[in-house]
Every structure is written in structure tokens, then in C-alpha cells.
Amino acid sequence: MSNYVAAIDQGTTSTRFIIFDHGGNVVSVAQKEHKQIFPQPGWVEHDPLEIWGNTVEVMQKALQNFSDQLSVTSEIAAIGITNQRETTVVWDKHTGKPIYNAIVWQDTRTDVICAKLAKSGGQNRFRKKTGLPLASYFSGPKIKWILDNVQGAKEKAKRGDLLFGTIDSWLIWNLTGEHVTDVTNASRTMLMNLKSLDWDEEILKALGIPRAMLPTIKSSSEIYGYVNARGGESKLLHGIPVAGDLGDQQAALFGQTCFKAGEAKNTYGTGCFMLLNTGEKPVQSKAGLLTTLGYKIGNRKAVYALEGSIAIAGALVQWLRDNLGLIQSSPEVEALAKSVEDNGGIYFVPAFSGLYAPYWKSDARGVIVGMTRYVNKGHLARAALEATAYQTREVLDAMEKDSGVKLSALKVDGGMVFNELLMQFQSDILNVPVVRPKVAETTSLGAAYAAGLAVGFWKDFDELKNNWGHDKQWNPSMDSKRRKTLYSGWKKAVTRAFDWVE
């Protein structure tokens, strides 16, 4: 009898392998960062082979820690995968080698492609079908860029020699030899029809993408294949089913057990992403949000969500560390921010990759406004943290407008939820309680849940809900006048970020 389920969590900055027990508790974990590649302003790339190599390494490390106590292979029932979404890999199906670096979701090079597509039908040309505006964020334009700019790529694609995948597909192919994705990742390509849950021929034609490149779309919870059908890199896990696949934000929604329409979560990672379960019918947004797949479990009906996407959250703290040298490690930002009483009158709008929800302005650029001689590095740190909370407030306002549902509390997860200053300010600026679960690794846990359901490790949603436990809650303590003044200042600051690119 297997007692554990594992998850590969392939994120924007690192890859982790986590082993969970039946109660959803972490038994073993290993993590490794990968290189961020910035060939020119606005371009962000990863090396897919480095990501695959790191994946194998963290699997082996977590298993070694685990195997000190127990026999490995017989104890793990299944593996789930969760991944940074929209990041685009195109590889040769014969050699297994990528023909170009992975183009990361934050990358803005496809602005021109999106602008050309918008000339016929505007920014919402495909929105009714896909739930998405035309934006450099999504995978479809990235595929087109690779086909247009890598020598010989178009011809190879037409011959059926190239495969496209988001990172989940890339990992599943390397683990099992199967070329598949799930509905949540497919819904972020701008190529999938929300209702049919299949690739849309009209959009493929408009972008010049051969259908043969694309993976088969599956549910988020079923057996896709078995480890090592293709290669021998991960011998310890040979024969274990890969049975769960969810884009990272949908995995967090599932891991937070937001199974009812009206339940929402916010994940604070490299970016920041709020998802609201809207049930079995897609809700088209009128307030700048994305309509997306929440999850699809086996043969059950698909569940949809509204999403507010923020490009830069934890990435801004990394920028303070790596580009400015204000801190030596990311956790130090809280102490630096606490060295001052407030933001010193400054606002930091981190539009490094344009602005996502609710603005969708890819030509916006980052600004710091309100600078005086009084401002010091503590104020910069505080304004950087507050930026995440303000952006979340903008998304929540849009979500309430679209759904007609007023949130009574916000479930939170991700690396930044251990920053007490940020969580308290988030509660203050939203004027609702902010709740952190006992297991904050809800993205990985969501992927593990999907895999476990597929193989009968967990029998139903009730079992998963019983695993969810409350760890800490922050309640609003800011007076309404100050809240209004601060948020008004933010809204004014955001306008300063618009239209910087000629």
C-alpha cells in the first residue's frame, strides 16, 4: 500500500520536488534555482534543459532524504505536476532538444505580434472564445515568434518535426514520452476554446501555428503515462504514474480546497495571482480580469475561474536584492521595511513587464513616485511590499464588480505569506481578514491532490477539505480615512506608469 503522493513544482525561479502524506503534510522536499536570462530589455528566457536537469536533481535529493526512513518506489502512489504557466518551449521531437530557450510568461517581445493581431477585432479579438485579451503574457504569440524568428522552424513545424509545450508538457514528455497538457495550462495559451476544451482552428490559422505541434488536452487528474517510458534519468521512480497536471495558480486554488463557486485564493510568488471559483460556466469579465479554467477532475465537468494576474510581486523583492543590493536575502526585506513607520510618501509601481490585470498595458513601465530627500532604503523596501497589496486590492475590486460576490475573507499562500508586515497591510488595505493555511505549499499540494484522486489515494473532495487547516489570520486595523487616502495615492501613481514606450 502506498502512503505518499509527490509533486513536481516547476516555478519561475526554481524547481521543487515535494512528498506529501495522506494528511497533506510535507514529508520531504528539495529545491534548486535556475538561471534567469535577460537577452535585452523586456525579454525573459529560461534554459529548458537546465530546468529538466534540475527537476531530475531535486527528485533524487528529496527521495534520498525520504529513503533514509522508508522504501521509496513502493511508497509513492503517483506524481503530480504544477508549473509556471504560459512559458513556452518548442523542441525537436526526434532529438528532444529545444530549438530556442523557453520564452517566459513575463517576456514582452510579442507586443508587435499582438498589436498586428489587434488591428482586426481589437485587443478582445479572441476573448469570447478564450477568455483572454491579446497580450504578450500568453503562449500563442510566443510560439509564433519562435516560428518566425528561428531559422528553419516554420518548415520543421509544417513537417511535423517540432513540438510545443508549456513547462508541464515539457516535463511530462521527458518523464514519460507522452505529449499532453491539461485544460488549465491549455487555457493560458490563447489557443484553446473555453467551451469545447479543444484547440481553436480559427486562432491557430490566424497565428500560423500547425496543430500537429500542440499537445493533446487532458483533464487535470488522470494517468498521463509512467515515469521512464522514455528515458532513464529518474530510475528511483520507474513505473510510477504521472497523474496530476495543473498550472501553478489553478493548483493553488485546488490545494486551498476552493471547490465552491465564490471561494477565492491569492498566491504571492514571483507574481501575484487571485482566482475566484465561478462554477461550471465561464464568466466573461467586464473589469479587466481573465476567464480561465479552474480545474477538471477526470470525467467530471470542468470548473471555471476568474483570475486577476499581477506580473511583479516577489520579483520586486528579488530586484531590490539582485539589482540594487539593498538586501542580501529576500527575507531581510521585512526588517528593512519595519525600520520606518510608513512609506515616506512614495509609491513603487513595478510595471517591469507592463501592467496586467485590470489594465493590460504592456507598454507601461515601472516608476517610483513621490521621492524627496527624506526617503531612505527603508521607505523603498516598504513601498515595494505595499505595491503587492495595492495591486491585490485593484484585482479584488474588479473581481467583486464582475462576480457580484463580496469576499468575507481571503485565503493566501506562496512565499510572501510569511511576511507579517505585508499580510497585515494586505488585510488593512482590503478591509477583510487574510487567512494563511497550515500547509502554505498549496500549489504543490494541489498538484499532489489531483494525482492522488486519479489513483484513488484520496477518495473525494471531502477528504481533501478535511486536510485544510487554519494557521494564522490577520484582521484589518487601519481606519477608513487612511485606507482611502493611501489607495487614492496608489491609483494616481499607477497612471504615471502608462505609455512609456514610443
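Buried means under 20% relative accessible area, exposed means over 50%, and partly exposed covers what lies in between, using a 1.4 Å probe and protein chains only. Met-190 is a good place to try that out: with a relative accessibility of 0%, Met-190 is buried.

Before going on, a word on the model. It is predicted, so local features need pLDDT of at least 70 and side-chain atom pairs count only at pLDDT 80 or more, while totals for chains, interfaces and linings use all residues. Residues are numbered from 1 along each chain as its sequence is written, and side-chain values use heavy atoms, with hydrogens and water left out.

**Backbone oddities**

Most residues other than glycine have a negative phi, and most peptide bonds are trans. Met-190 goes the other way: its phi is positive, about 75 degrees, although it is not a glycine. You'll find Met-190 in the loop between α7 (183–186) and β10 (192–193); helices (H or I, at least four residues) and strands (E, at least two) are DSSP runs, numbered from the N terminus.

Trp-360 is another non-glycine with a positive phi, about 55 degrees here. Trp-360 sits in the loop between β19 and β20, and its relative accessibility of 9% makes it buried. The loop between β19 (347–349) and β20 (367–369) also holds Pro-358. What is the peptide bond from Ala-357 to Pro-358 like? That bond is cis, with omega near -5 degrees.

**A hairpin**

Now look at strands β2 (residues 14–21) and β3 (residues 26–33), which run antiparallel and are joined by seven bridges. (Two strands pair if DSSP finds at least two bridges between them.) Ser-14 faces Glu-33 of β3. Four residues lie between the strands of this hairpin, and Gly-24 has a positive phi there, near 80 degrees.

**Two buried polar side chains**

Thr-87 lies in the loop between β5 (76–83) and β6 (88–92). Is Thr-87 buried or exposed? Thr-87 is buried, because its relative accessibility is 0%. Its side chain makes a polar contact of 2.7 Å with the side chain of Gln-84. A polar contact is a pair of N or O atoms within 3.5 Å; within protein, one must be able to donate a hydrogen and the other to accept it, and residues adjacent in sequence count only if both atoms are side-chain atoms. Leaving out neighbours within four places in sequence, Thr-87 is in contact (heavy atoms within 4.5 Å) with residues including Ala-102, Trp-105, Gly-165 and Ile-167.

Ser-221 belongs to strand β13 (residues 221–226). Ser-221 counts as buried because its relative accessibility is 5%. A polar atom of the Ser-221 side chain lies 2.6 Å from the backbone oxygen of Ala-450. Ala-450 is also one of the residues that Ser-221 touches, along with Ala-243, Lys-296 and Leu-453, when residues up to four places away in sequence are not counted.

**Salt bridges**

A salt bridge here is a side-chain nitrogen of Lys or Arg within 4 Å of a carboxyl oxygen of Asp or Glu. The count by this rule is 27. Here are a few of them:

| Pair | Closest N to O distance |
|---|---|
| Lys-156 and Asp-92 | 3.9 Å |
| Lys-154 and Asp-148 | 3.1 Å |
| Glu-280 and Lys-301 | 4.0 Å |

Take the bridge between Lys-156 and Asp-92, at 3.9 Å. It links distant parts of the chain, with Lys-156 in helix α5 (residues 153–159) and Asp-92 in strand β6, 64 residues apart. Lys-156 is partly exposed at 31% relative accessible area, whereas Asp-92 is buried at 11%.

For the bridge between Lys-154 and Asp-148, Lys-154 is partly exposed at 37% relative accessibility, and Asp-148 is partly exposed at 35%.

There's also a network of salt bridges linking Arg-85, Glu-86, Arg-188, Asp-248 and Glu-307.

**A nonpolar patch**

Which residues form a nonpolar patch on the surface? Ile-223, Tyr-226 and Val-455 do, and together they have about 240 Å² of accessible area. Patches are made of residues with over 30% relative accessible area and no salt bridge: like charges are joined within 9 Å, and nonpolar side chains (Val, Leu, Ile, Met, Phe, Trp, Tyr) within 5 Å. The areas come from the Shrake-Rupley method with a 1.4 Å probe, and for residues only the protein chains shown count as cover. Val-455 lies in the loop between α14 (442–454) and α15 (461–467), and it is partly exposed, with a relative accessible area of 31%.
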